[in-house]
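This report goes through a single protein chain, moving from its overall dimensions to individual residues. Please keep the sequence and the coordinates at hand while reading.

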Amino acid sequence: MKTLLYAATCLAVFGLAFWAYRENYATQQVLKETRALQQQIGAAQVRLSVLRAEWAYLNRPQRLRDLADINFDRLGLLPLRPDQFGRVDEVSYPVLPDLEITNEVEVSGLNAGARP
């Protein structure tokens, strides 16, 4: 009986050791993937900051003004003036036509079956 208990205990220890070994390597693999993802995120953030800097550089008002002057003959771009903007009360909204109800409409209420 003791040998059976020793054998079961030994097998349990081996099983737990095998489980711990597998969990350890699975955890190490997940940590390695996490580090790789963090590096990719960092590289993407660096690229994004470079792209934002390039965008800000290309959208400088003086540069855009010079481009508009250079291409005036082809594009016909003029500077904006305050009188070109309108007010909200000047916006005309389309008038929706009144819907005409041609069929009888049943209205539920206390006397649902009665007609007026």
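The text below takes up the fold, the surface and charges, and then a few chosen residues.

The model is predicted, and every value that follows is computed from its atoms. The secondary structure of the chain amounts to three helices and zero strands, which, read along the sequence, gives the pattern α-α-α. Helix α1 covers residues 2-58, while helix α3 covers residues 72-75.

How does the radius of gyration of the chain stand against that of a compact globule of 116 residues? The chain has 38 Å, whereas a compact globule with that number of residues would have a value near 13 Å. Along its principal axes, the C-alpha trace spans about 95 × 80 × 20 Å.

The surface can be described in similar terms. Of the 116 residues in the chain, 1% are buried. The chain exposes about 11900 Å², of which 63% is supplied by carbon and sulfur atoms. As for charge, the chain has 13 positive and 13 negative charges, and the mean positions of these two sets lie 21 Å apart.

Three residues illustrate the intermediate class of accessibility. E23, which lies in helix α1, has a relative accessibility of 39% and therefore counts as partly exposed, since that class lies between the cut-offs of 20% and 50%. L48, also a residue of helix α1, is partly exposed because its relative accessibility is 40%. F72 belongs to helix α3, and its relative accessible area of 37% makes it partly exposed as well.

Each of these residues also has a C-alpha separation to a second residue of the chain, as listed here.

| Pair | Separation in sequence | C-alpha to C-alpha distance |
|---|---|---|
| E23 and V50 | 27 residues | 40 Å |
| L48 and L5 | 43 residues | 63 Å |
| F72 and T27 | 45 residues | 63 Å |

Contacts that involve rings complete the picture. How many aromatic pairs does a search of the whole structure find? The search finds one such pair. A pair of aromatic rings is described by the distance of the centres together with the angle of the planes. A ring also takes part in a contact with a charge: the charged end of R60 sits over the ring of Y57, at 4.2 Å from the centre of that ring.

Conventions. Residues numbered from 1 in each chain as written. Predicted model: local features only at pLDDT ≥ 70, side-chain atom pairs only at ≥ 80, totals over all residues. Heavy atoms only, no water. Helix = DSSP H or I, 4+ residues; strand = E, 2+ residues; numbered from the N terminus. Buried < 20%, exposed > 50% of the residue type's maximum accessible area, 1.4 Å probe, protein only. Phe/Tyr/Trp six-rings, centres within 6.5 Å; stacked < 30°, edge-to-face > 60°. Lys NZ or Arg CZ within 6 Å of the ring centre and 35° of its normal. Rg over C-alpha atoms; globule rule 2.2 N^0.38 Å. Areas by Shrake-Rupley, 256 points an atom, 1.4 Å probe, with all protein chains shown as cover. Lys, Arg positive; Asp, Glu negative; His and termini not counted. Charge placed at Lys NZ, Arg CZ, Asp CG, Glu CD.
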